[in-house]
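Please open the structure in your viewer and keep the selection tool at hand. The tour below proceeds from one selection to the next and describes what is found at each stop.

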Amino acid sequence: MGTGFSLFHKNLSSCYGDRDLCKPGLGDLPESCVALILQSLDPVEICRFSKLNRAFHGASWADFVWESKLPPDYRLILEKILGGFPENLSKRDIFTFLSRVNSFDEGNKKAWVDKRTGGLCLCISAKGLTITGIDDRRYWSHIPTDDSRFSSVAYVQQIWWFQVDGEIDFPFPAGTYSVYFRLHLGKPGKRFGWRVCDTEQVHGWNIKPVRFQLSTEDGQHSSSQCMLTEAGNWSHHHAGDFVVGKSKSSSTKIKFSMTQIDCTHTKGGLCLDSVVVYPSSCKNRLRQN
């Protein structure tokens, strides 16, 4: 593909008036041929090359070009997010919509398609999870922060029994997915415009490990545990992976949890932002979110 790109760039001048009219250039290619070329590129590259000339611009709107970039069950995904399927949209418009971060379920969940790979990503806020004791202000509170996609996080001051459960029923395309809890030891804030972290209430997480579990309705299961020790930074803790088969054409239901229920000691000073579900091939994107 790199060779093809270099040929495009070498022939850029042929799109303009200084070229020899006896020699064909990129501007002379039929849109149907250009569309076949664009079909082999990723969405970001398609948009970049659509600026070359009219033929590339017109070809960049071809439905078959963008249908190859959409998840196979994009109709089900749109219906899940919007509650119905919008008619009269081009495939490019559908891809553009899905590649944005779209909220649903009263704003407690967000879903989007990765622009490079077309993989489906999903995020569930702390308010979309079941948290033991969340309504008791002696233990938990929701604090506003711009560190979260949802503008607030759940913060536990001190508690004996720590348990967070969640589930999602969503039409995931075929592939392997990884589930992570996004956590922060310490209370994030700002002072004079600078980010600060209050770690005064952080305690108990280095005594016994936290257990993460994941299960699916078709019998997949994983479990792991680790100590929480890194204060002052957001981190993603792996709860497990699951696989969606190519033959599956309906929603996949997964359940996940995070627990530390040893009541011999209290623990506190922890922020819970969200649970994220990413294609396992896109795990490096977690550094950007």
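Begin by selecting phenylalanine 104 and phenylalanine 170, both of which are buried. The model is a predicted one. With 5.7 Å between the ring centres and an angle of 40° between the planes, the pair formed by phenylalanine 104 and phenylalanine 170 is tilted. It connects distant parts of the chain: phenylalanine 104 belongs to strand 1, phenylalanine 170 to strand 7 (residues 162–170), and these positions lie 66 residues apart in the numbering. Now extend the selection to Phe172, Tyr177 and Phe242; ring pairs join these to Phe104 and Phe170 in a cluster.

How many aromatic pairs does the structure hold? The total is twelve. To view another of them, select tyrosine 74 and phenylalanine 85, a tilted pair with 6.4 Å from centre to centre and 50° between the planes. Tyrosine 74 is in helix 6 (residues 74–82), while phenylalanine 85 is in the loop between helix 6 and helix 7 (91–98), so this contact ties together parts eleven residues apart in sequence. Tyrosine 74 and phenylalanine 85 are both buried.

Proceed next to the loop between strand 1 (102–104) and strand 2 (109–113), where aspartate 105 is located. Glutamate 106 is placed in the loop between strand 1 and strand 2 as well. Aspartate 105 has a phi near 55°, a positive value in a residue other than glycine. For glutamate 106, phi is near 60°, again positive in a residue that is not glycine. Is glutamate 106 buried or exposed? Its relative accessible area is 78%, so glutamate 106 is exposed. Aspartate 105, at 39% relative accessibility, is partly exposed.

Keep aspartate 105 selected and add lysine 109. These two residues form a salt bridge, in which the closest N and O atoms are 2.3 Å apart. Lysine 109 counts as buried because its relative accessible area is 9%, and the cut-off for that class is under 20%. Side chains of opposite charge can pair when their charged atoms come close. The structure contains four salt bridges in total.

For another of these, select aspartate 136 and arginine 138, whose closest N and O atoms lie 2.6 Å apart in a salt bridge. Aspartate 136 is partly exposed, at a relative accessible area of 22%, whereas arginine 138 is exposed, at 61%.

Then move to aspartate 273 and arginine 182. Their salt bridge has its closest N and O atoms 2.8 Å apart. This pair links distant parts of the chain, with aspartate 273 in strand 15 (residues 270–279) and arginine 182 in strand 8 (residues 175–185), 91 residues apart. Aspartate 273 has a relative accessible area of 3% and is therefore buried; arginine 182, at 9%, is also buried.

Leave arginine 182 selected and display tryptophan 234. Which part of tryptophan 234 does arginine 182 lie over? Arginine 182 lies over the face of tryptophan 234, 4.4 Å from the ring centre. Arginine 182 thus appears in two contacts of this tour, the salt bridge with aspartate 273 and the placement over tryptophan 234.

As a last stop, select arginine 149 together with tryptophan 112. The charged end of arginine 149 is positioned over the ring of tryptophan 112, at 4.4 Å from its centre.

Methods
Residues are numbered from 1 along each chain as its sequence is written. This is a predicted model: local features need pLDDT of at least 70, side-chain atom pairs count only at pLDDT 80 or more; totals for chains, interfaces and linings use all residues. Side-chain values use heavy atoms; hydrogens and water are left out. A salt bridge is a side-chain nitrogen of Lys or Arg within 4 Å of a carboxyl oxygen of Asp or Glu. Buried means under 20% relative accessible area, exposed over 50%, partly exposed in between (1.4 Å probe, protein chains only). Helices (H or I, at least four residues) and strands (E, at least two) are DSSP runs, numbered from the N terminus. Rings of Phe, Tyr and Trp (its six-membered ring) pair if their centres lie within 6.5 Å; planes under 30 degrees apart count as stacked, over 60 as edge-to-face and the rest as tilted. A charge sits over a ring if NZ of Lys or CZ of Arg is within 6 Å of the ring centre and within 35 degrees of the ring normal.
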